[in-house]
Amino acid sequence: MLGGLSHELAQPFDAITLACEVMRLKIGRTDLSDAEKDFFDVRLKGVKNQVTRAVSLMEQFRFLFNEQVKQDGPADICKSLDRVLELVAQQLSARGINLTIERPVDVVYSKWPSRLVEMAVAHCLVFIRNRIDFLKKLADESAKSFICNLSIEVRSIDSGAQVDFRFDERGPTDQDDSSVANINSFALQAAMETVSKHGGALILEKGLVRLMLP
């Protein structure tokens, strides 16, 4: 589905890019002052740059969920994590989430291919992102400030590897928070199915998502 969507979006993206170039040429031939030409030129370049970025992100998503991509050998978990964060780090930052990552000195591998590791990490981050959105909404409704620190730690364990996503929830403390699993059940279900199907495990606690990889 992402492949088909990417193909359909390519045409309007190309049209926007072409329109920007035509407008820049047209403006260059008008009687506008140099300052006015520079004003439009900067903004048209900005539109073109954002379109280029959107195309790049779409291609990365296609790769992330492409079932046909074959990857042999174990996955470097830190590299897989970095690849997913390239796609979502800006979203986390826009939500006021301060991100820190603790990597081990040695390379940590999973016997899963990189695509599966990336999908599992992405599911966890989607769950956390929606969890943060829910807490932020509660904070806004009660006129309280909201700050969240998300730390990601990767380490080796006897059975394989472990990725801990810890988020320090500094939001409303008087809300009933006994049902963390109910927040964004779709992402949670997708993560559970992906992980358990391939021999991993997912542990949920308040402020913690622990991903166990074989």
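1. A short word on terms before we start: two residues are in contact when heavy atoms of theirs lie within 4.5 Å of each other. Please keep in mind, too, that this is a predicted model.

2. With that in hand, let's visit Asp164, a residue of strand S5, which covers residues 160-170. Leaving aside residues up to four places away in sequence, Asp164 touches Ser151, Ile152, Glu153, Arg155, Leu208, Val209 and Arg210. Two of these neighbours are worth a closer look. The side chains of Asp164 and Arg210 are joined by a polar contact of 2.7 Å, and a polar contact of 3.4 Å links the Asp164 side chain with that of Arg155.

3. Is Asp164 buried or exposed? Asp164 counts as buried because its relative accessibility is 1%, and the cut-off for buried is under 20%.

4. Lys206 makes a good contrast. You will find Lys206 in the loop between strand S6 (201-205) and strand S7 (208-213). Its relative accessibility is 59%, so Lys206 counts as exposed; the threshold here is over 50%. Although Lys206 and Phe167 are 39 residues apart along the chain, 8.7 Å separates their C-alpha atoms.

5. Next, follow helix H3, which takes in residues 77-94, 18 residues in total. From first C-alpha to last, H3 reaches 25 Å, close to the expected 26 Å at 1.5 Å a residue. Do look at Leu87 on the way, since H3 bends there by about 55 degrees.

6. The ends of H3 reward a look as well. At the N-terminal end, Asp76 acts as the cap, with a side-chain oxygen 3.1 Å from the backbone nitrogen of Cys78. After H3 comes Gly96, which has a positive phi, near 80 degrees.

7. Which residues of H3 are buried? They are Ile77, Cys78, Ser80, Leu81, Val84, Leu85, Leu87, Val88 and Leu92. When you view them in the structure, it helps to know that an α-helix has 3.6 residues a turn, so residues three or four places apart point the same way.

8. Finally, step back to the whole protein. It has five helices and seven strands, and from the N terminus on the elements run α-α-β-α-β-β-α-β-β-α-β-β. Of the 214 residues, 36% are buried. Among contacts between residues at least 6 apart in sequence, 72% join residues at least 24 apart. The accessible surface is about 12700 Å², and carbon and sulfur atoms account for 54% of that surface.

Methods
Residues numbered from 1 in each chain as written. Predicted model: local features only at pLDDT ≥ 70, side-chain atom pairs only at ≥ 80, totals over all residues. Heavy atoms only, no water. Helix = DSSP H or I, 4+ residues; strand = E, 2+ residues; numbered from the N terminus. Buried < 20%, exposed > 50% of the residue type's maximum accessible area, 1.4 Å probe, protein only. Polar contact = N/O pair within 3.5 Å; in protein donor to acceptor, adjacent residues only side chain to side chain. Expected span 1.5 Å × (residues − 1). Bend = angle between axes of the 7 residues up to and from the residue. Areas by Shrake-Rupley, 256 points an atom, 1.4 Å probe, with all protein chains shown as cover.
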